[in-house]
Amino acid sequence: MWDAFIGGLLINLQFNSFLYMLVGCAIGFWVGILPGLGGGTTLALMLPFIYKMSPEEAFPFLLGMHSVVATTGDITSVLFGIPGEATTVATIVDGYPLAKKGEAGRALGAVLMSSLVGALFGASFLAFTIPIVRPLVLAFGSPEMFMLIILGLTCISTLSGHGKRGLMLGLMSGAFGFMISLVGQDRQAGVLRFTFGQLYLWNGLSIIPVMVGLFAIPEIVDLAVRGTAIAGNVQLGKLGKGVREGIKDTFRHFWLTVRCSIIGSLIGILPGLGGGVAQWVSYAHATQSAKTEEERANFGKGDIRGVLGPGAANNSKEGAGLIPTVAFGIPAGSGMAILMGAFFLLGLVPGPDMLTKHLKLTYSMVWTIAISNVIIVAVCLLFINRLAKLTTIRGNLMIPIVLLLCFIGAYTSNNDIADLIVLMVFGGIGYFMVKYRFPRPPFILGFILGKLAETYLYSSATRYGAAWLLRPKVLIILAIAVAFAVYPFIQKRFRKEVLSEPDKI
Amino acid sequence: MKRWGWVFAGVLFLDVLCFPFTIQAAAPFYEGKTLKIIVGHGAGGGYDRMARLMAKYLPKYIPGKPVALVEFVPGASGLIAANQIYNITKPDGLTIVTVDRGLPIAQLLKAEGVRFDAAKFSWIGSAAVEATVLCIRSDLPYKTFEDLLRAKEPLHLGSVGPANTSHQFPILLKEFLGLKINLVIYPASAESMLAIERKEADGRAGSYSSLKPFIERGLVRPVIRGRVVESGIENLPVDEDLTKDLKGKAIMAMRSAGDLMGRPFVAPPGSPPEAMAILREAFSKVAKDPELRQEAEKFMMTVEYVPAEECLKVVNFVLSQPDDIAREFSKYIKF
């Protein structure tokens, strides 16, 4: 195994492989920054370029691109409040308020450093679990998946504002997201739900226009109304110090970063969940680290921990996300399906062979994820001051460009004009949610998990009848879910009750 | 005299009108033009891969070597693309689309949103057949159809929903062959394959091309196939032969319509016949291109041209079914 481990590194250090990885990183940098344009789509676009490459060149190229996307996507989220990727929405919640306070440098430093920690953790997770990866993935059957989704949904209680009213609003928002996820043809009977005669709605609402609308449009409206730059009238003198501060923050809350990386990796293994869910669970976990009620209330208004958690998780899921594809030849998600096309094209059959015959290549993937993130974070840190200065540009100069990027991003999901309508509709919904203090993160969780919860409940019941409820692993996860759900209330008993209004997130 | 003057002017005018066409006829139809290939499904799937393969190799066989571009119009299982090309796209021979193979079935079932007549498209043909097989986990003791009949426990088969082959093929086996089958629905085929790996599901039905890697790896073995055949599964029993129920036979035959035209390509109704002739010939030639075949093999795809007439025959067969069969069919098959 050590041979393969070192062999994998040597593959990556070959001149051609390294060069292609750099090219991949450069492309991934831009893909991440641009909202909407996702890693999956770009993999499809890059596929023709690998025809003439060897596997040792192609994978550093493709993975180098794919694995830095979440890192640079965080930058867009922090600077503009627009999700650069579907997996970097949670970074907005605390990152953007920091940018508004003129602490963009600190937020960027923290998000880049935590991304790096997350990526390195994710890569080593992949490296060390390779020997036990098959039983690990197979441990989760449909009933366990259903319970994990329930566990994810319990994060709603943590993601809601404080107080009874905050919880109520959070639950309503989550239920609304759940309902929106049911739009489209249902999987069980093929019935069309909430489609109103529109073919566009058959496949359900795409996540990009919904998220960009929900998070970016209200911020753009806000920016237009304020009439200032993103960073308001705050003096932005000591950016460099801010960046250093942000990096230090990562190490100040190092165990939180690591715990969130673990969350990202564990969720990343499970097909269907991935980065979309991992970021929110880790954000919820970060908010739980608040010791006092004031501290908790500061989440959503610019707490650095709210940036560190998702920043780490959406990168650490990258290594783990490869596992189903590499170990079983079963791609989880469209990005991985395209990557699997690359495997075939290069004459490799993903599956158990990758863990024995081609182990070296598998380890070279691990190294690619690690090295490309080190490079991209280093590059970003070099340019970070300039990037952070974007937040001092006058709002009415930024708005047209930012809005254009939002529209392009939304349009790439289906190439349909209806994408733009969805963007605007959810922009409106997002605006009113902010105005009336409905928290948006529970909506997103409900939206991502709703249909999956339904499908897995159905498959558990058709496969096992009622017996699935008594499986030991199901009971264990249920216990954890209950603990998760009541934890905020227990925690509150030991804190002083002070504030009444729930926060705007 | 005046009238003759007008006639003369008219003839002259017509001549002038025709002039550019007579020049063009000398140059190949597609010279300097762009052939747009629309994919009715998302990126990364089988339809996408086939369209890209065609875009790469087709120009070689079209006189004038046009540029071929792939564009996505996904949504509603390919209905959006089909509607668009039927009703909006100009029939100029420059736009073709790879539609969902279930198109005629959607029309027969009067699915919501169908705004086309599948028989009226300008058919180019299909670039592949997609044979359907039922695969069962290799560690189970069932090797033949008879073994399956004798099974005491129901088979838990993975499915991704009633609008999919993985559901439709087994449900007909259950209904007309009396197999004990319990269909378990998963979010996507990736999840249902994983369920087979962890022995939660006992197998699944699907296209032979997508199951082949798992058959070769020894995870599952094929047991029954549909009417359409590919090399490697010739000896499997065919679902239609195993039932004595005439209605069942008809319904199974109708279901297999989509298998024969696995990757259908059509152009808008009323596309210029000369362009269609060029495209059909190009498709039939490209399917034999050694370079393409080599590349397709890497992707574990097989390319086999099914001519337009055969596709139309299947479409008409499905669409001409009497009402009672159509009603019966709609009990099992959804779009």
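In this predicted model, the charged end of Arg263(B) sits over the ring of Tyr47(B). The distance to the ring centre is 4.6 Å. Chain A offers a case of this kind too: Arg471(A) lies over the face of Tyr464(A), 4.6 Å from the centre of that ring.

Rings also pair with rings. A pair of aromatic rings is described by the distance of the centres and the angle of the planes. Over all chains, the structure holds 23 aromatic pairs. One of them joins Trp280(A) and Tyr283(A). Their centres are 6.4 Å apart, and their planes stand at 80°. That angle is over 60 degrees, so the pair counts as edge-to-face. Where do Trp280(A) and Tyr283(A) sit in the chain? Helix α13 of chain A, residues 274–288, holds both. They are three residues apart there, so about one helical turn separates them. Both residues are buried.

Now compare Phe432(A) and Tyr436(A). This aromatic pair is stacked, with 5° between the planes and 6.2 Å from centre to centre. Are these two rings buried or partly exposed? Phe432(A) is partly exposed, with a relative accessible area of 44%. Tyr436(A) is partly exposed as well, at 47%. Elsewhere in chain A, ring pairs build a cluster from Phe176(A), Phe426(A), Phe443(A) and Phe447(A).

Next, turn to the place where the chains meet. Here 44 residues of chain A are in contact with 41 residues of chain B. The two chains bury about 3700 Å² between them. Carbon and sulfur atoms account for 61% of that area. Eight residue pairs are in polar contact between the chains, counting pairs with both residues at pLDDT 80 or more. How many salt bridges run between chain A and chain B? The count is one. Arg134(A) forms this bridge with Glu197(B), and the closest N and O atoms are 3.2 Å apart. Several helices of chain A supply at least two residues each to the side that touches chain B: α7 (133–138), α8 (142–159), α17 (334–345) and α21 (440–464). The largest share comes from α21(A), with eight residues.

Salt bridges occur within the chains too. The total over all chains is 32. In chain B, the side chains of Lys56(B) and Glu295(B) meet at 3.0 Å, N to O. This pair links distant parts of the chain, 239 residues apart. Lys56(B) belongs to helix α2 (residues 46–57), and Glu295(B) to helix α13 (residues 290–298) of chain B. Lys56(B) is partly exposed at 42% relative accessibility, whereas Glu295(B) is buried at 7%.

Arg227(B) and Glu240(B) form another salt bridge, with the closest N and O atoms 3.0 Å apart. Arg227(B) lies in the loop between β9 (220–225) and α9 (239–242) of chain B, while Glu240(B) is in helix α9. In sequence, 13 residues separate them. Arg227(B) is partly exposed at 46%, and Glu240(B) is buried at 11%.

A further bridge joins Lys247(B) to Glu328(B), at 3.7 Å between the closest N and O atoms. Lys247(B) lies in helix α10 (residues 246–255) and Glu328(B) in helix α15 (residues 323–332) of chain B, so the pair ties together parts 81 residues apart in sequence. Lys247(B) is partly exposed at 37% relative accessibility; Glu328(B) is buried at 12%. Back in chain A, salt bridges that share partners join Lys100(A), Glu219(A), Asp222(A), Arg226(A) and Arg440(A) into one network.

Note on methods:
Residues numbered from 1 in each chain as written. Chains lettered and ligands numbered in written order. Predicted model: local features only at pLDDT ≥ 70, side-chain atom pairs only at ≥ 80, totals over all residues. Heavy atoms only, no water. Phe/Tyr/Trp six-rings, centres within 6.5 Å; stacked < 30°, edge-to-face > 60°. Helix = DSSP H or I, 4+ residues; strand = E, 2+ residues; numbered from the N terminus. Buried < 20%, exposed > 50% of the residue type's maximum accessible area, 1.4 Å probe, protein only. Lys NZ or Arg CZ within 6 Å of the ring centre and 35° of its normal. Contact = heavy atoms within 4.5 Å. Buried area = accessible area lost by both parts, 1.4 Å probe. Salt bridge = Lys/Arg side-chain N within 4 Å of Asp/Glu carboxyl O. Polar contact = N/O pair within 3.5 Å; in protein donor to acceptor, adjacent residues only side chain to side chain.
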